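User: I've just pulled this one up on my screen and would like to talk it through. Can you take my questions one at a time?

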Amino acid sequence: MKPQKTIIIGAGASGLMAANILAKANHEVVLLEKKHQCGLKLRITGKGRCNLTNSCGRSEYLSHISSPEFFEYAFDNFNNADLMDFFTEKGVELKTERGGRVFPQSDKANDIFFALLKEIEFAENVQIIKNCDVKHLIKDNGKAIGVIANNEKILADNIIICTGGKSYQTTGSTGDGYRILKLLDHQIITPIPALVGLRTENGYPISLQNLEIKNCQVNITDKDKTIIASHFGDITLDEYGVAGPVILSVSREIARAFDEGKEMFLNIDFKPKVSEERLRSEITATFKERRTENAVNIVRKWVQKPMAEEILRVCKINPRTMGYKLTERDVKSILWYLKFRREEIIGDMGWREAIITQGGVSLKEIDKRTMESKKVKNLYVTGELLDLDADTGGYNLQIAFSSAVLAAQSIITKDNKGIKNNYKEK
Ligand SMILES: Cc1cc2nc3c(=O)[nH]c(=O)nc-3n(C[C@H](O)[C@H](O)[C@H](O)COP(=O)(O)OP(=O)(O)OC[C@H]3O[C@@H](n4cnc5c(N)ncnc54)[C@H](O)[C@@H]3O)c2cc1C
């Protein structure tokens with residue numbers, strides 16, 4: 001019997017994985033990539049180190065995913081341990097860091113990329129076509145039968161579309177899949193940037209750009225001061241607002257509501273482990289004890305120097321004021337800044353900086369046991385293109401990999417059951 005032919009649209013994390021699984025099962029694969037190179041986003045993940053997954057247990061894993069009830073099928077079929085075995089068997093040594101984050105031992109995302117590429121690059125049954133911009137899917141009688149790319153028709157038995165989201169568009173993820181699938185009547189949940197820095201009313205002076213502040217309590221509140229999202233961790237300051245790990249996590253939780261116009265405020269508690277009362281007495285006592293030191297030196301007791309200068313600027317305290325001259329009002333303002341300062345959120349840092357896209361192809365239209373579209377037969381949707389997203393920590397790449405494995409294996413299983421081959425040569 002003639003091998004089944006599958007077109008994969010997009011050679012990112014998901015497409016490369018799907019190609020590996022299909023190629024190993026002797027399927028004919030045509031991998032179409034819009035850019036001049038494959039895996040451009042994968043190669044910059046984890047700041048070039050690629051946090052490919054997380055080593056935590058199943059229930060914790062699923063708690064980090066937006067729709068665990070959808071993703072659990074793909075995850076149980078190919079979970080984090082399977083993913084680690086997959087790369088280890090391909091000769092990539094892995095290591096696990098703080099918070100269960102898994103990286104290649106070499107700290108090189110390229111090692112993950114090349115491990116995926118090497119099995120398919122010269123395989124006889126895999127054709128990789130770069131600079132190939134897929135514009136449309138061809139449907140016949142309710143089934144996907146091919147694509148139009150670079151003004152040519154390419155036909156196949158099955159199609160996996162994994163064109164990614166909309167962030168970091170220079171890597172090729174420009175949201176094409178949304179348009180292509182919308183034309184085939186798929187519902188697209190509005191894509192919005194997530195895992196992204198937040199813009200605030202005032203931001204921080206340029207001199208504080210990228211300053212990292214550890215162990216902060218970040219709360220997002222509405223206009224009635226009700227907490228909407230809350231995380232503890234490290235932040236980085238930005239001319240336009242704040243970024244850093246804890247802000248990325250918070251941004252993912254508020255992205256949809258913010259996009260829908262909800263007013264939101266950012267409160268950073270720089271000293272969350274010290275109560276308000278204790279900090280008040282500590283500041284008062286320090287003013288007295290260090291009576292001949294200037295205000296900057298004194299405030300440095302709680303924060304780094306550039307931040308101490310910023311606090312004094314915002315609190316309108318002359319940095320040269322000696323401790324003995326600092327007043328009760330000054331105690332109050334420094335306490336307010338360190339624990340209670342609240343700034344309105346006016347936006348996010350946008351698609352250029354967003355790590356992921358929230359939204360995408362509605363999960364209602366995808367069979368979670370196979371990743372096949374319920375609207376168009378023989379069409380499979382995987383990776384970030386789906387309305388499925390997760391926290392930082394390696395979870396998003398696992399979505400891309402697990403959904404790809406499930407789609408590829410569903411195609412292989414279908415083929416083994418002898419489902420009629422509808423592929424017609426061009
Ligand atoms: C800076 C950054 C760091 C990240 N770090 C991590 C991390 O450490 N851990 C983690 O879990 N996640 C991380 N992510 C998220 C992760 O990279 C994505 O979730 C993942 O790459 C999604 O895989 P994908 O295959 O679905 O899409 P992509 O990797 O985006 O691949 C889509 C591919 O489709 C191609 N394509 C698009 N349109 C067309 C078309 N019309 N025709 C042909 N080809 C097309 C694109 O060129 C691209 O190659 C990071 C993201 C960014 C931006």
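What follows is a run of questions and answers about this predicted model.

User: Let's start with the overall picture. How many helices and strands does the protein chain have?

Analyst: Keep in mind that this is a predicted model. The C-alpha atoms fill a box of roughly 90 × 45 × 35 Å along the principal axes. Within that, the secondary structure comes to 13 helices and 19 strands.

User: What share of the 426 residues is buried?

Analyst: A residue counts as buried when its relative accessible area is under 20%. The chain still exposes about 19,200 Å², with 48% of that supplied by carbon and sulfur atoms. Of the 426 residues, the buried share is 55%.

User: Among contacts between residues at least 6 apart in sequence, what percentage joins residues at least 24 apart?

Analyst: The pool here is contacts in the protein chain between residues at least 6 apart in sequence. Of those, the part that joins residues at least 24 apart is 73%.

User: How is the chain divided, and how far apart are the C-alpha centres of the two domains?

Analyst: Domain 1 takes in 5-192 + 357-416, and domain 2 covers 197-349. Their C-alpha centres are separated by 40 Å.

User: Which three residues supply 56% of the area that domain 1 buries against domain 2?

Analyst: The two domains bury about 730 Å² between them, and 41% of it is on carbon and sulfur atoms. Twelve residues from domain 1 and six residues from domain 2 take part in the contact. On the domain 1 side, 56% of the buried area, more than any other three residues give, comes from I192, Q358 and D391.

User: How many salt bridges cross that interface, and what is the N to O distance between R252 and D391?

Analyst: The rule finds two salt bridges across the interface of domain 1 and domain 2. R252 and D391 make a salt bridge too, and the cut-off for one is 4 Å. The closest N and O atoms of R252 and D391 are 3.8 Å apart.

User: Now the whole chain. How many salt bridges are there by this rule, and how many residues apart in sequence are the parts that R49 and D107 tie together?

Analyst: The count comes to 23 salt bridges. In one of them, the side chains of R49 and D107 meet at 3.1 Å, N to O. R49 sits in the loop between α2 (45-48) and β3 (53-54), while D107 is in the loop between β5 (101-104) and α6 (109-121), so the pair links parts of the chain whose separation in sequence is 58 residues.

User: Are R49 and D107 buried, exposed or partly exposed?

Analyst: The middle class runs between the 20% and 50% cut-offs. R49 has 23% relative accessibility, and D107 has 29%. That makes R49 partly exposed and D107 partly exposed.

User: E310 and R313 form a salt bridge in helix α11. Which of the two is buried and which is exposed?

Analyst: Their closest N and O atoms are 2.9 Å apart. Both lie in helix α11 (residues 305-314), three residues apart, or about one turn of the helix. E310 has 3% relative accessibility and R313 has 54%, so the buried one is E310 and the exposed one is R313.

User: Which residues do salt bridges with shared partners join into one network?

Analyst: Here's the general idea: side chains of opposite charge can pair when their charged atoms come close. Where such salt bridges share partners, one network results, made up of R49, K95, E97 and D107.

User: What is the phi of C50, and is C50 buried or exposed?

Analyst: Most residues other than glycine have a negative phi. C50, in the loop between α2 and β3, has a positive phi near 60 degrees. Its relative accessibility is 0%, so C50 is buried.

User: What is the phi of D107?

Analyst: D107 lies in the loop between β5 and α6. Although D107 is not a glycine, its phi is positive, at about 60 degrees.

User: Last one. Which residues form a nonpolar patch on the surface with Y168, and what is their accessible area together?

Analyst: Y168 is in the loop between β10 (158-161) and α7 (176-182). Patch members need over 30% relative accessible area, and Y168 has 31%, which makes it partly exposed. Its partners are I44 and I355, and together the three have about 240 Å².

Notes: Residues are numbered from 1 along each chain as its sequence is written. This is a predicted model: local features need pLDDT of at least 70, side-chain atom pairs count only at pLDDT 80 or more; totals for chains, interfaces and linings use all residues. Side-chain values use heavy atoms; hydrogens and water are left out. Patches are made of residues with over 30% relative accessible area and no salt bridge: like charges are joined within 9 Å, nonpolar side chains (Val, Leu, Ile, Met, Phe, Trp, Tyr) within 5 Å. Accessible areas come from the Shrake-Rupley method with a 1.4 Å probe; for residues, only the protein chains shown count as cover. Helices (H or I, at least four residues) and strands (E, at least two) are DSSP runs, numbered from the N terminus. Buried means under 20% relative accessible area, exposed over 50%, partly exposed in between (1.4 Å probe, protein chains only). Domain bounds come from an automatic or database domain assignment. Contact means heavy atoms within 4.5 Å. Buried area is the accessible area (1.4 Å probe) that two parts lose on being put together, summed over both.
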